[in-house]
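Biologist: I'm new to this one, so could you take me through one spot where two helices meet? Please explain the terms as you go.

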Amino acid sequence: MSGEERGPTDPSGPRTMRAALLLGVGGPDMLEVRDDVPVPEVAPGEVLVRVAACGVNNTDINTRVGWYSRSVTTATTESAYREADTHDAGWSRGGLTYPRIQGADVAGKVTSVGAGVSGDLIGRRVLVDPWLRDSRHPRDPQRAGYLGSERDGGFAEYCSVPSENVHPVSSDLSDVQLATFACSWSTAEHMLARLGLRSGETIAVPGASGGVGSALVQLAKLRGARVVAVTSAAKLDEVAALGADRVVTRQANRVPECAAEANGGPFHAVADVVGGHDFGGWLEALRRGGRYVTSGAIAGPMVELDLRTLYLKDLTLHGATVYEPQVFSDLVGHIESGRIRAVVGGVYRLEDIHAAQEAFLAKRHIGSLVISI
């Protein structure tokens, strides 16, 4: 048995590892890459994963700059931490402990298992479901935590997680490609499940070029929906190549109206990660009985809502954060079937995590950015 594939009682293997440590809420200087970080211990019921690659997501930036704090009312920027109250800067509106290893999109291989876990997992290639659930109440979102927030994540050579969070995956995709799925695609799958999107329905996807947006386009088409995507003029062709039926460029103050015109009428559903000043317009762009879901607000969390639009049109509004365990299993099934394709917008070394987050904030890429470990 090699040093990379160890049994539950085998003490072999490294004691320290490279990892990017988040030291607290603040600017890029709060991230420090070190090579003397202890390898996580594997408790009973857990496994140790040697991380091959880990995607970069909004959660990483939002947590570092404290954007989740109620005191922050602007879009995600590098300077959000100047407004943030560190006591509610986590995604769950609570404080976090530091140092913390972030990274929720883990793709890698199981190298050892804790007591009570089958050794059959050792050596298996896996994706990690980032939602940490109470084993006694797995469907209670109030008890959920997130990888890279309440527990150290994948911006490191090794990561320990509960055994139920690892999903063996059989795919010809590279480790970097697999690392685009866990956070962004499970979020998108959850959003569409909340909407109950059906074949033949129409859906608008604002922010269609990012990790979640590009996943929404593909997954909505997989369900047989007609998709109108919104992106910048520079990304039109690439978003269309994802399968969108129509692609609309961002135009100040008229984005929802232009999307509805391209659709030939109002939408059955809107899946939004943008928020900001267009929120009210998207509700107006829904047909009577329409559904709206959001899992982000990259253009700003503070919006205006005309309650008359909500009740006169019989609309349903959904938030989407903690999903049912089945959502991740369904995602792995889509990957193994080859019905969806990974969209890699850029690859960075762990030592270049600052540049990766800077590129993420610039949003010139399509799909997901990935740290290759």
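Modeller: Sure, let's start with H3 and H9, which cross in a right-handed way. That means the near helix is turned clockwise from the far one by less than a right angle; anticlockwise would be left-handed. Bear in mind that this is a predicted model, where local features need pLDDT of at least 70 and side-chain atom pairs 80 or more, while totals for chains, interfaces and linings use all residues. Residues are numbered from 1 along each chain as its sequence is written, and side-chain values use heavy atoms, leaving out hydrogens and water.

H3 covers residues 182–195 and H9 covers 325–337; their axes lie 9 Å apart, at an angle of about 110°. The axes are lines fitted to C-alpha atoms over the stretch in contact, with angles from 0 to 180 degrees between N-to-C directions. Helices here are DSSP runs of H or I, at least four residues long, numbered from the N terminus. H3 and H9 are therefore roughly perpendicular, a label for angles of 65 to 115 degrees.

Who touches whom? H3 brings Ala 182, Trp 185, Ser 186, Glu 189 and His 190, and H9 brings Val 327, Phe 328, Asp 330, Leu 331 and His 334. Contact means heavy atoms within 4.5 Å. Sorted by class, that's five nonpolar, three polar and two charged residues. Ala, Val, Leu, Ile, Met, Phe, Trp, Tyr, Cys and Pro count as nonpolar, Asp, Glu, Lys and Arg as charged, and the others, Gly among them, as polar.

Technical notes:
Helix = DSSP H or I, 4+ residues; strand = E, 2+ residues; numbered from the N terminus. Parallel < 35°, antiparallel > 145°, perpendicular 65-115°, else oblique.
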